[in-house]
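Q: I am new to this structure and would like a close look at a single part of it. Could you take me through its pockets with care, and then through the strands and the helix that can be read alongside them?

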Amino acid sequence: MQPRPPAPLAANRWRMSVAPMLDWTDRHCRYLHRLLTRHALLYTEMVTTGALLHGDVQRHLRFDAAEHPVALQLGGSEPADLARCARLAQEWGYDEVNLNCGCPSERVQRGAFGACLMAEPRLVADCVRAMVEAVQLPVTVKHRIGIDRVEDYGFVRDFVGTVAEGGCRVFIVHARNAWLKGLSPKENREVPPLRYEMVARLKRDFPELVIAINGGIASDEAVRGQLAVVDGVMVGREAYHNPWWLASWDRQFLGQPGPGLSREEVEDAMVAYMEREAAQHGTPWQAVARHMLGLRAGLPGARRWRQVWSDHRLKPLPAREVMALARARP
């Protein structure tokens, strides 16, 4: 089956996106990804409502203007708190607010949000409604296809139908169940089986909604296959570990020219960014460099290049000197 032609970017910004990943998709990672793709949608790590309402807002929400389009993912279950945080997202210039209904970690469960919210679709609808009424931004939901051993399609169908009543028009579906007991977050990304057909069925049953799929998608062929049946594809770990793949997305999947930078030009730009971050915010270069260690994956010399950029003994050196060492012939 051939993929459908891209919808206008303004109408379907969810056609290609990079997943929110805790400890990974921080602002430095997103800056790297934006050097590779102009048009794919980028997501923050999940930020809890408590962290925003009682913590350092600037630390959690600051981002570079180059990152647009960028979405803020929130974790929470109190409609009023989520509405306040959605307003913060709008004030800080984010392009979307996303509610996490997919994280299975016990810490998140103790906070009564994440995947356990799938058992309370009416509450999720109330949360969405409160945010929709508070901001002009799109309010979206990322969720699983089920929780624990509940594998009945009717469960996720009813969840989507109920939450849509709250005003959500975009659902990003991780095509695995979330097991709330007995599996670690890492195991929850690997052990429950992928069931892509459930997501395709959601699109058939809710043609008026934007349905994007997430989970285990790691090749051009897989992306094309999914774009034939759903509106968008969200890529997680493969985008992080093999970021150069993103350099082909604009042209291949979005019908747009990409930045067209070489790997060396991307590395140069990242070093310039490291220097700005160090001068303006005191950010150590290694906090940025850790996200680009996969940039040369599969190329000759990639292992040595990666070792240089991750060598803790080089921390006292300026980033530009580290780059010179990484590029030097052994």
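A: In this predicted model, the largest pocket holds about 750 Å³ of space. It is lined by 33 residues, and those closest to its centre are Pro20, Met21, Leu22, His174 and Arg189. Four elements give two or more residues to this lining, namely strand S5 (139-147), helix H8 (185-188), strand S8 and helix H11 (237-241). Sorted by class, the lining of the largest pocket comprises 13 nonpolar, 11 polar and 9 charged residues.

The second largest pocket has a volume of about 400 Å³. Its lining is made of 17 residues, and the ones nearest its centre are Asp26, Arg27, Glu45, Arg59 and His60. At least two residues of this lining come from each of helix H1 (27-36), strand S2 (41-48) and helix H3 (57-61), and the largest share, 5 residues, is supplied by S2. By class, the lining of the second largest pocket divides into 5 nonpolar, 5 polar and 7 charged residues.

Strand S2, which gives that largest share of the second lining, is itself mostly covered, with 6 of its 8 residues buried. From S2 one can follow the strand pairing in two directions. Towards strand S1, the two strands run parallel and are joined by 2 bridges, with Val18 standing opposite Leu42 of S2. Towards strand S3, the pairing is again in the parallel sense, over 5 bridges, and here Leu42 stands opposite Val70 of S3. Leu42 therefore has a place in both pairings, facing Val18 as well as Val70.

Strand S3 covers residues 70-75, and 6 of its 6 residues are buried. Both of its faces are covered, since Val70, Leu72 and Leu74 are buried on one side, while Ala71, Gln73 and Gly75 are buried on the other. Beyond S3, the pairing carries on to strand S4 (residues 96-101), in the parallel sense and over 4 bridges, and the bridge partner of Ala71 in S4 is Glu96.

Returning to strand S1, one of its residues deserves a separate look, and that is Ser17. Is Ser17 buried or exposed? Its relative accessibility is 3%, and because buried means under 20%, Ser17 counts as buried. Leaving aside residues up to four places away in sequence, Ser17 touches Leu41, Tyr43, Val233, Met234, Val235 and Trp249.

Strand S1 also comes into contact with helix H10, which spans residues 220-227 and has Val223, Gln226 and Leu227 as its buried residues. Seen down the axis of H10, these buried residues fall within an arc of 100 degrees, so they line one face of the helix. The buried residues of H10 pack against strand S1 (16-18), helix H9 (196-205), strand S7 (210-214), strand S8 (232-235) and helix H12 (249-253). Strand S8 thus links this part of the picture back to the beginning, as it packs against the buried residues of H10 and is also among the elements that give two or more residues to the lining of the largest pocket.

Note on methods:
Residues numbered from 1 in each chain as written. Predicted model: local features only at pLDDT ≥ 70, side-chain atom pairs only at ≥ 80, totals over all residues. Heavy atoms only, no water. Buried < 20%, exposed > 50% of the residue type's maximum accessible area, 1.4 Å probe, protein only. Arc of directions from axis to C-beta. Contact = heavy atoms within 4.5 Å. 1 Å grid on protein atoms, 1.4 Å probe; cavity = no way out; pocket = protein on both sides within 12 Å on 5 of 7 lines; lining within 4 Å. Points joined across faces, edges and corners; volume = space filled by probe spheres on them. Nonpolar A, V, L, I, M, F, W, Y, C, P; charged D, E, K, R; others polar. Pairing = 2+ DSSP bridges.
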